[in-house]
Amino acid sequence: MGEVVRIVVLVMPFISCNALLDLSGVQEIKGTWMRSTSLPCTYMPSEGFTQQTLIWSMERDYGTSTIFRRDDSGDHVLLSQFRDRVSVPKHSPGDASLLIENLEIPDSGHYTCQVIWRSKNNSLITKEVTTTVKVVKVAATKPIIRASEPGLTFPAGARASLTCVANGSLPISYRWFRRVPGGKALLLSSQAELAWDSLQPSDTGKYYCEAENRVGAGAVQQSDAVQLVVRESPVTQQPSPGTSRHTRPPFTSQGGAPQRVPTDAPAAKQAAGRDAVSEGPPVATEPLYEVTFHSTADVTRPETDVEVPVKHLHKETNSKTETSNDAFTMKDNSHDSICIRKNPEYENLVNAMESEYESI
């Protein structure tokens, strides 16, 4: 009885380890020509057991060939037709799945995943799982349109793109069209992606794409049309001509009277004066004088061009017969002229002063 109990105790851990190290896979996979597929082969890692060897083999035409082998020396692809097309995850414990890229028709066959573990007492446990792969050529499916941003409404000037996506055997060719009201669709591109660097309101419209490959009769598949909307940028209102950016009451001097601009000033100076008033604080200005030359009858021109400084020539105040005159210099083109003009007010003042002296 005791011997039987001991045998049961030894067998139970073995059964438990076999359950944990059991491989999982699928029986059949249908792969698409010129695309990739993964053959699953997974297990639950168990403490005390280390993966010693992993082998992927292929059975076809009544023969078996090793495709991939992983051991202490590294990974090895042993069949030339799979070189650079197969791989197994390296840093995923318990995952021994085989990835095959760019499937070819001759890749169809039975694939077996075999894993060998070594226990702490150096015993070996071997498990394997087989998957049947059938590579077929698939016509292009109805494509769908994916936008670079959620929604199909964009502001003017934005960057955007639409991508046409279809399944099926590669290679797949794409074309982009824009519907024209009352006319034939406009061909825009022969690429999978339709992109804009700067959208304009004129780009608003309905777009669709087509996809096809060389499988079968090469039927063309067309997507549903999508509506692209481009919003116009807001327009900033500009001030009307003749108005300034700020509205202020007319500037007045300290005395309350508005500053007067000579009527004969150029229009440009008047406009500059208005801008200066509206843009800055009041600035005191010099009073404006008007100079009028009434007559040139009393003007004499000297024989030589000599500049005479501006001064007053006063006569003796005790003389009654002589009168006082003002002399000043006036520029006339390239000649200097002496202008003599009688001053009646000055004569009256002199006469009044002489009368006071005589009375004394």
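These entries record what I looked up in a predicted model.

**Basis.** I number residues from 1 along each chain as its sequence is written. In this predicted model, local features need pLDDT of at least 70 and side-chain atom pairs count only at pLDDT 80 or more, while totals for chains, interfaces and linings use all residues; side-chain values use heavy atoms, with hydrogens and water left out.

**Entry 1, cores.** I looked up the largest nonpolar core (buried Ala, Val, Leu, Ile, Met, Phe, Trp, Tyr and Cys residues joined through side-chain atoms within 4.5 Å) and found 29 residues, with W56 and Y111 having the most contacts inside it. Strands (DSSP runs of E, at least two residues, numbered from the N terminus) that give two or more residues to this core are β3 (49-60), β4 (63-71), β7 (98-100), β8 (109-119) and β9 (124-136). Apart from this core lies another, of 19 residues, among them F154, L194, C209 and V230.

**Entry 2, N213.** I located N213 in the loop between β16 (205-212) and β17 (221-222). N213 counts as buried (under 20% relative accessible area, 1.4 Å probe, protein chains only) because its relative accessibility is 6%. I noted that a polar atom of its side chain lies 2.9 Å from the backbone oxygen of V138. The N213 side chain also reaches the backbone oxygen of S169, at 2.9 Å.

**Entry 3, T53.** I found T53 in strand β3, buried at a relative accessible area of 10%. Leaving out residues up to four places away in sequence, T53 touches (heavy atoms within 4.5 Å) R69, R70, Q114, V115 and I116. The C-alpha atoms of T53 and R118 are separated by 9.1 Å, with the two residues 65 apart along the chain.

How values were computed: Buried means under 20% relative accessible area, exposed over 50%, partly exposed in between (1.4 Å probe, protein chains only). Helices (H or I, at least four residues) and strands (E, at least two) are DSSP runs, numbered from the N terminus. A polar contact is a pair of N or O atoms within 3.5 Å; within protein, one must be able to donate a hydrogen and the other to accept it, and residues adjacent in sequence count only if both atoms are side-chain atoms.
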